[in-house]
Amino acid sequence: MGLLPLEFSDCLLDSPYFRENLKAHEKQLDQTSISIKALIGGIQEVLDSAKLLIKAKKTLADTLDNCQFDCLGTTLTDDEILIASSLKQFAKFLSAMEDEMNGILLQANEKFITPLLNFRKDQIGSVKQTKKAFDKATSKLCTAQDKYVNMSGKKEESLAEAAENIRYELKNVNSSSLEYVYLMHVVQERKKFEFVEAILNFTQSWVNYYKRGNAVACDQAEYMTDLKSRVQKTRDNFSATIEQYESLKKKMESSPQDPGLL
C-alpha cells in the first residue's frame, strides 16, 4: 500500500492530519534505511562467500592440474590418452569461470556497496538531519505558545512581544517543514533509481556470471560428450579386460612351466 502524498500546502496549515501523515512517511523511511543496511550486509556476505569459493575452486583446479593419471602400457590408445588428460581439462573448466567472478569482486565496492552506503548516509541521512531541525523548531513554537497562554494579566507590551515571538517561531516551523517535506520528496524519487540501480548492477553481475558459465558449458559440450562416450566404452570393456587378467592369473598359478613360455 502506497503512502498518502505530502503536500507543500499542508506544511503551512500544520494540521494534525499533516503530522500523522508525516509520521507515516518517517516510519517508511526508517524501514527503508533498515532494509538497505540489511541488504548491504547480505551482499557483503555473498561476496565474502564468493571469495572463499574462488579460493576453494582454485585449490581444486591446481590439484586436478597436478594430479598424475597414468595408464598401464607404453603405447596408449586414443581413449586412454583423452581420459588421462581429462583432469587437466577439468582444471581449465574451473579456472575459466573464475575470471568473471573476479571481475564481480573487483568492482563490488564501487558498483554495489558504496552506492547503497552513500544513499543511506547522504540521502536518508540528510532527511533525518532536517527532521531534527523541524522538531527543534516545533518545540520552540510550542514553548512560545505556552508562554503566551500563561501571560494573562501581563502588560500589553509584553503580550505583543510574545505574539511577535510566536509569529517568528511559526515562520521557522513553516520553513523547516517545507524543507523537510521537500527532502522527503527528493529521497523518494532518488530511491527509484539510485537505490534500485545498485541492486540491478549486483543482480546483472550474477546474470553475467551465469551466462559465462553457460558459454563455457556450450564451448565444452562436444568435448564432454566425447569424453563421456569414451569413459562409457571403457566401462563396458571392463568386464572383458578383467576376465583376461583373471585368466592369465590362473594360468600363472597352475602352470609349473616357465612363465615366459605362457
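Colleague: Which residues does L22 touch, not counting residues up to four places away in sequence?

Modeller: Happy to help! This is a predicted model, where local features need pLDDT of at least 70, side-chain atom pairs count only at pLDDT 80 or more, and totals for chains, interfaces and linings use all residues. Residues are numbered from 1 along each chain as its sequence is written, and side-chain values use heavy atoms, without hydrogens and water. With contact taken as heavy atoms within 4.5 Å, and residues up to four places away in sequence set aside, L22 touches L6, F134, Y180, V181 and M184.

Colleague: Which element gives the largest share of the largest nonpolar core?

Modeller: This core (buried Ala, Val, Leu, Ile, Met, Phe, Trp, Tyr and Cys residues joined through side-chain atoms within 4.5 Å) has 39 residues, and L22, L47 and M101 have the most contacts inside it. Helix 2, helix 4 and helix 5 (DSSP runs of H or I, at least four residues, numbered from the N terminus) each give two or more residues. The largest share, 15 residues, comes from helix 4.

Colleague: How are the rings of F112 and F202 arranged?

Modeller: Both residues are buried (under 20% relative accessible area, with exposed over 50% and partly exposed in between, for a 1.4 Å probe and protein chains only). F112 lies in helix 4 and F202 in helix 5, so the pair ties together parts 90 residues apart in sequence. Rings of Phe, Tyr and Trp (its six-membered ring) pair if their centres lie within 6.5 Å, with planes under 30 degrees apart stacked, over 60 edge-to-face and the rest tilted. Here the centres are 5.2 Å apart and the planes at 85°, so the pair is edge-to-face.

Colleague: Which residues form one aromatic cluster with F112 and F202?

Modeller: The count comes to nine aromatic pairs. In one cluster, F112 and F202 are joined by W206, Y209 and Y210.

Colleague: What is the relative accessible area of D14, and is the residue buried or partly exposed?

Modeller: D14 sits in the loop between helix 1 (8–13) and helix 2. Its phi is near 50°, a positive value in a residue other than glycine. As for accessibility, D14 is partly exposed, with a relative accessible area of 21%.

Colleague: Which element gives the most to the lining of the largest cavity?

Modeller: A cavity is a set of 1 Å grid points over the protein atoms alone where a 1.4 Å probe fits but cannot get out, and lining residues have an atom within 4 Å of a point. The lining is L29, T32, F119, I124, V187, Q188 and K191. Helix 2 (16–66), helix 4 (86–149) and helix 5 (156–254) each give two or more residues. With three residues, the most comes from helix 5.

Definitions and conventions: On a 1 Å grid over the protein atoms alone, a cavity is a set of points where a 1.4 Å probe fits but cannot get out, and a pocket is an open set with protein on both sides within 12 Å along at least five of seven lines; lining residues have an atom within 4 Å of a point.
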